[in-house]
Amino acid sequence: MSKKLSMQQRYAALTRDLDWTPDYVDPAKVFPLTSFEGIKVHDWSAWSDPFRLTVDTYHKYQAEKDKRLYAVIDGFAQGQGHLSLSDAQYLNAMKLFIQGVTPLEYAAHRHFAQLARHFDGPGPRFAALCQSIDELRHTQTEVHTLSQYNKYYGGMHSNWKMFDRVWYLSVPKSYFEDAMSAGPFESLIAISFSFEYLLTNLLFVPFMSGASFNGDLPSMTFGFSAQSDESRHMTLGLEAIKFLLEQDEANVPIIQAWIDKWFWRGYRLVALIAQMIDYMLPKKVMSWKESFELYFEEQMLNGLFKDLEFYGIRPPMHVQQAIEEKEILSHQVAWTLYQFSFAAGFNTTVPDEEHQAWLREQYPDTFDKLFAPQWAKAKKIQEEGGRFFFQGLPQLCQVCQVPMLFTEVGDPETICQRQVVYEDERYDFCSDGCQWVFEREPEKYVQAWLPVHQIYQGVCGGPSVPEVLAWYGLQEGDSGEYIGSLDHKDWLAWHATAPVGS
Amino acid sequence: MPVVALTDNYTFPSRSRQELYGDDQLVHVLWKGNRMMAAAATFRAPKAMPWADFLGALVDPWAASDPDYVPGSGSGWTLDGQPLQPDPGKGLAELGVGHKSLLTFEA
């Protein structure tokens, strides 16, 4: 009798050996999506899978990780874990997570299911299938983890509806829809390379480190449970780009343009995370600037892109602007969310003195000069019984969909305005990067569903702010100023008999 | 550069085109040099709305978000990058303000 197959043999049997070349149907009809983008693949068998998982080992690993996570969630619920956070304000970060990131996990699940169907090669098909299942698991475990807080705090109850409707969530939503409506190779670069490799340490990791520093054990455990999947996804992203670059020289300029585009799209998306790191965590992990220098400049620009030089790939276009913005980005975005939080699913407030001292220390060249005066004025308004809100709707960028808050490179006091007239209509952009993305494919971006423009068309619940907020699924206490909010009052009441942290 | 698409005939209308706003249009207003306002505001305004009404009904209430704003104190107006000396009685379209035009002022 033959012995059992080795893991590698089983993997080969599962993928390569189950592949066949169709002979009574035109292969181009079976795989209709892999030629129009201009990418040439000569030999799919050159795809080497870094993690040779089979279905049974995959399920075994994931089941073990799930068991650990759900044990922690049970312990958390029994031990009143919602009381032992650093502060209730910490949950603003997790509100942003369940509203803006969890739906992306689900979008990624759909995206990789599509890739698993459409790639002509069995190796990448199976890798995409595994990732598709991972992403669905992440969606579920994140919902289960954060539902522990939903019982006690605002902003987490209608995350799916909010993701589809709320203005700042159109930023992540439009990123994924842009990717999913592209061809399979571009979307692979958008998600596996740009999102999961290039920017993952700026996107996903800060939430999990924030959880660990702020006493959120369930989210931290979820982070650990996702970590081995994420490292598999990162490896897939890197393998994908190297494979495509090696297959044909003609692929290089196409891939370069996708790197340029998806770096910039992704970088604008992480603007939301930048403010989260610097402004939403009561116990700080590291500043945005530090995080950008370590995870992007050091690891990506001085590491990854040095390796990619060999293939004729250069660092992303417009990267210099991102570097220039590292001292101002988080402050400008936090200031924007502060004045628009009347329409957000989280609460904001003026950072207290200790927090401002930390910001001053992290940003010695910019905080006092540019941002402390704004916060001081907002605080004064608040002390006089008011609250500074932007009483209107903001101009949005046609591509990234972020309010046009960004400033000219080298001139942090002048808001950057770029306009293009395309087929007799004027379009607005926050930066040269977003203008460049538009001009490559204007036919695509004229279709953007811009929240402000839609509200003015009257299709978002009605013309008044309360009607729009109701249509967003927001309830009393979800939005606006933190001090005196429902979360704040509850937190104080729950801790009234014992000091916080005791 | 044209979009790379699966079909040859990839054309869709703009989702913010003027006709979707009837007799109105979108107008952006940027308060230059005031960093309290994180971004320019976008308004929906009738094309025929007189400048004075546009200021009084839309711009002033928004600019008053900043308690230091004095209504009607905006000066140095520009329209899409060109200086503008608006006649208060003239309508927006008459002044050359188009769909998604950018007006800026200082105060």
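In what sense, parallel or antiparallel, do E1(A) and strand E2 of chain B pair? In this predicted model, E1(A) and strand E2 (residues 41-46) of chain B run antiparallel and are joined over two bridges. Within E2(B), Thr42(B) is the bridge partner of Leu393(A).

This strand pairing belongs to the interface of chains A and B. On the chain A side 49 residues are in contact with 39 residues of chain B. Between them the two chains bury about 3800 Å², with 54% of that area on carbon and sulfur atoms. Arg426(A), Gln447(A) and Tyr456(A) lose the most area to chain B among the residues of chain A, and together they make up 17% of what that side buries.

Polar links also cross the interface. There are four salt bridges between chain A and chain B. One of them joins Lys377(A) to Asp68(B), where the closest N and O atoms are 2.8 Å apart. Residue pairs in polar contact, both at pLDDT 80 or more, number 29.

Several elements of chain A give two or more residues to the side that touches chain B. They are listed below.

| Element of chain A | Residues |
|---|---|
| helix H17 | 329-340 |
| helix H19 | 367-383 |
| strand E1 | 393-394 |
| strand E3 | 411-415 |
| strand E5 | 425-429 |
| helix H20 | 432-440 |
| helix H21 | 442-445 |
| helix H22 | 451-457 |

By residue class, the side of chain A that touches chain B consists of 25 nonpolar, 13 polar and eleven charged residues.

Methods:
Residues are numbered from 1 along each chain as its sequence is written. Chains are lettered from A and ligands numbered from 1 in the order in which they are written. This is a predicted model: local features need pLDDT of at least 70, side-chain atom pairs count only at pLDDT 80 or more; totals for chains, interfaces and linings use all residues. Side-chain values use heavy atoms; hydrogens and water are left out. Contact means heavy atoms within 4.5 Å. Buried area is the accessible area (1.4 Å probe) that two parts lose on being put together, summed over both. A salt bridge is a side-chain nitrogen of Lys or Arg within 4 Å of a carboxyl oxygen of Asp or Glu. A polar contact is a pair of N or O atoms within 3.5 Å; within protein, one must be able to donate a hydrogen and the other to accept it, and residues adjacent in sequence count only if both atoms are side-chain atoms. Helices (H or I, at least four residues) and strands (E, at least two) are DSSP runs, numbered from the N terminus. Ala, Val, Leu, Ile, Met, Phe, Trp, Tyr, Cys and Pro count as nonpolar, Asp, Glu, Lys and Arg as charged, and the others, Gly among them, as polar. Two strands pair if DSSP finds at least two bridges between them.
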